[in-house]
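Open the model in your viewer and keep the selection panel at hand. The stops below go one at a time.

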Amino acid sequence: MTETPASAAAVELPEALGSGRKIFAGARVRRIRTSRGLTQTRMANDLGVSISYLNLIERDQRPLSASFLLKLAQNYDLDIRSLTGNDEGELVDDLSKLFTDPRLIGIDVPRSELRDLAARAPAIAHALLRLAAATPATGPEPPPPGPIAAVTRMIDAAGNHFPALDEAAEKLADDLRLSGSDLNAAVVERLRGRHAITVRALPLEVMPGHLRRLDLHSRQLQLSESLDAASRGFAAAVQLVLIELKAEIAATIAGAGIADPLDVRAATVAMAKYAAAATLMPYARFLAACEATGYDVELLQARFGRGLEQVAHRLTTLHRPGARGVPFFFLRVDRAGTVSKRFAPGASPLPVTGGCALWHVYHAFDRPGEIRRQLVELEDGQRFLTLARTIRTAALPWGVPRPGFAIGIGCDVAHASSLSWNAGVELNGPATPIGPGCAACHRAACRQRGAPPAGAHLAFDERQRVLTPFRFTDE
């Protein structure tokens, strides 16, 4: 599959404009112009409009027309959704989090106002976020900076999409396919034939503390027999990209400004896993399969020979300009609710720690292996269609407890119509009201609440007991 040309985005214009809603995006148009070093005169000439008309658009005194949007997309290779969307994405999400600060309780700022601020005055929005970061709220000290935090910042800043790595991995995958359609076997043969590394599966008792180990003395990549076929293939692909895409991985890390040696090693592990997934599930082929199957995760597992967690990870990386997939979020938790993996390129109900017990991802352990779907709604009215299931981990000797994890993926209901797993779900129907954890949730009537909101004023009355364990106000 080749990238969708920008003009193809025009098919979305009637839907974006058909509601009669006028689209004002002057700040976005101005950023497009200034980021390319263009004057208003030059851009007006490129688009075939008058300088005064362009000036009115940038000052939000004229809405964007369908023809103007199409000209922008064609001339500057833009994703049309970046101009017609209602949200400024990550900036709006960060502003929303800012107003969960206990010091701002009682100040109700609608998301529509945050969108307006992000679109029309992004510099002011960034200034507010910088001030907030410089004066953190009182409470527990944040964890000290370290390699995990550095990798998280790197992934978040890139929206979990690394174009150079994806393109290099896609070329590697095309080369591997010349050896046959089974990429797992092709990776093993490539390691043996080109790099003199043999892949061997060894018994648990031989390598009890390892799942993967490179023995340079014997020129062996040793894999634990506890890994299933998909995990063995992935482990071999990680080793291959560490060799063949070493330069691209290093350049990606350097480009993110990571220099501390320990941070670099942590980022190398993360980027090797990213590149391995991009090799085994090449971008264009994977996106085409997603669109053909309606993002059916089980069919994608079967088609690419991958595990559910590997497929779910890959779904969060499909942000190539001109060929974007549905923007998914991803979460992995254990039975205690500890978040061990989290990818949220845009708006999502994901907690940083803890979570909401009403979300099905925390119930997946009740029925291992069963996919659970759920329509959820946040306090601000945002709605998401989510899917949750437990995942299998590497086998362990008899009697040793196997670690248990569940993953949750989902997207905004605006994108849910393209998912095969929306069957039987009324997207405009009732949704489960959830929140990002009790400390950040202000639903007064939630009977599942285990703690009051941070900074809320508690009320106690020995003469009565209400349905929820806490009575509080935000004033």
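Which residues does Thr390 touch, not counting residues up to four places away in sequence? Select Thr390 and show its surroundings: the contacts are Leu308, Ala364, Phe365, Pro368, Gly369, Phe405 and Ala406. Keep in mind throughout that this is a predicted model.

Stay on Thr390 for a moment. Thr390 sits in strand β9, which covers residues 383-391. Its relative accessible area is 10%, under the 20% limit, so Thr390 counts as buried. Among its neighbours, pick Gly369: the backbone nitrogen of Gly369 is 2.7 Å from a polar atom of the Thr390 side chain.

Next, colour the sheet. Six strands make up an open sheet with mixed pairing, in the order β7-β6-β10-β9-β8-β11. At its edges are β7 (339-343) and β11 (432-433), each of which pairs on one side only. Strands of a sheet pair through backbone hydrogen bonds, either parallel or antiparallel. Zoom to the β11 edge, where β8 (residues 372-377) and β11 run parallel and share 2 bridges. Select Glu377 there; Pro433 in β11 stands opposite.

Now turn to the nonpolar interior. The largest nonpolar core has 69 residues, and those touching the most other members are Phe286, Tyr295 and Leu315. Helix α15 (residues 261-280) supplies the largest share of this core, with 9 residues. A second, separate core holds 16 residues, including Ala25, Met43, Leu72 and Leu78.

Go back to the larger core and select Tyr295. Leaving out residues up to four places away in sequence, Tyr295 touches Leu287, Cys290, Leu300, Leu315, Gly325, Val326, Phe328, Ser418, Leu419, Ser420 and Trp421.

The rings come next. Show Phe329, Trp359, Tyr362 and Phe384 together: these form one aromatic cluster. The model has 9 aromatic pairs in total.

Two arginines are worth a selection with their rings. Arg332 lies over the face of Phe405, 4.3 Å from the ring centre; Phe405 is also one of the contacts of Thr390. The second is Arg320, whose charged end sits over the ring of Tyr283 at 4.1 Å from its centre.

For the last stop, select Asp116 in helix α8 (residues 111-120). Is Asp116 buried, partly exposed or exposed? Its relative accessibility is 39%, so Asp116 counts as partly exposed. Add Ala25 to the selection: the C-alpha atoms of Asp116 and Ala25 are 9.7 Å apart, although 91 residues separate the two along the chain. Ala25 belongs to the second core.

How values were computed. Residues are numbered from 1 along each chain as its sequence is written. This is a predicted model: local features need pLDDT of at least 70, side-chain atom pairs count only at pLDDT 80 or more; totals for chains, interfaces and linings use all residues. Side-chain values use heavy atoms; hydrogens and water are left out. Rings of Phe, Tyr and Trp (its six-membered ring) pair if their centres lie within 6.5 Å; planes under 30 degrees apart count as stacked, over 60 as edge-to-face and the rest as tilted. A charge sits over a ring if NZ of Lys or CZ of Arg is within 6 Å of the ring centre and within 35 degrees of the ring normal. Helices (H or I, at least four residues) and strands (E, at least two) are DSSP runs, numbered from the N terminus. Buried means under 20% relative accessible area, exposed over 50%, partly exposed in between (1.4 Å probe, protein chains only). A nonpolar core is a set of buried Ala, Val, Leu, Ile, Met, Phe, Trp, Tyr and Cys residues joined through side-chain atoms within 4.5 Å. Contact means heavy atoms within 4.5 Å. Two strands pair if DSSP finds at least two bridges between them. A polar contact is a pair of N or O atoms within 3.5 Å; within protein, one must be able to donate a hydrogen and the other to accept it, and residues adjacent in sequence count only if both atoms are side-chain atoms.
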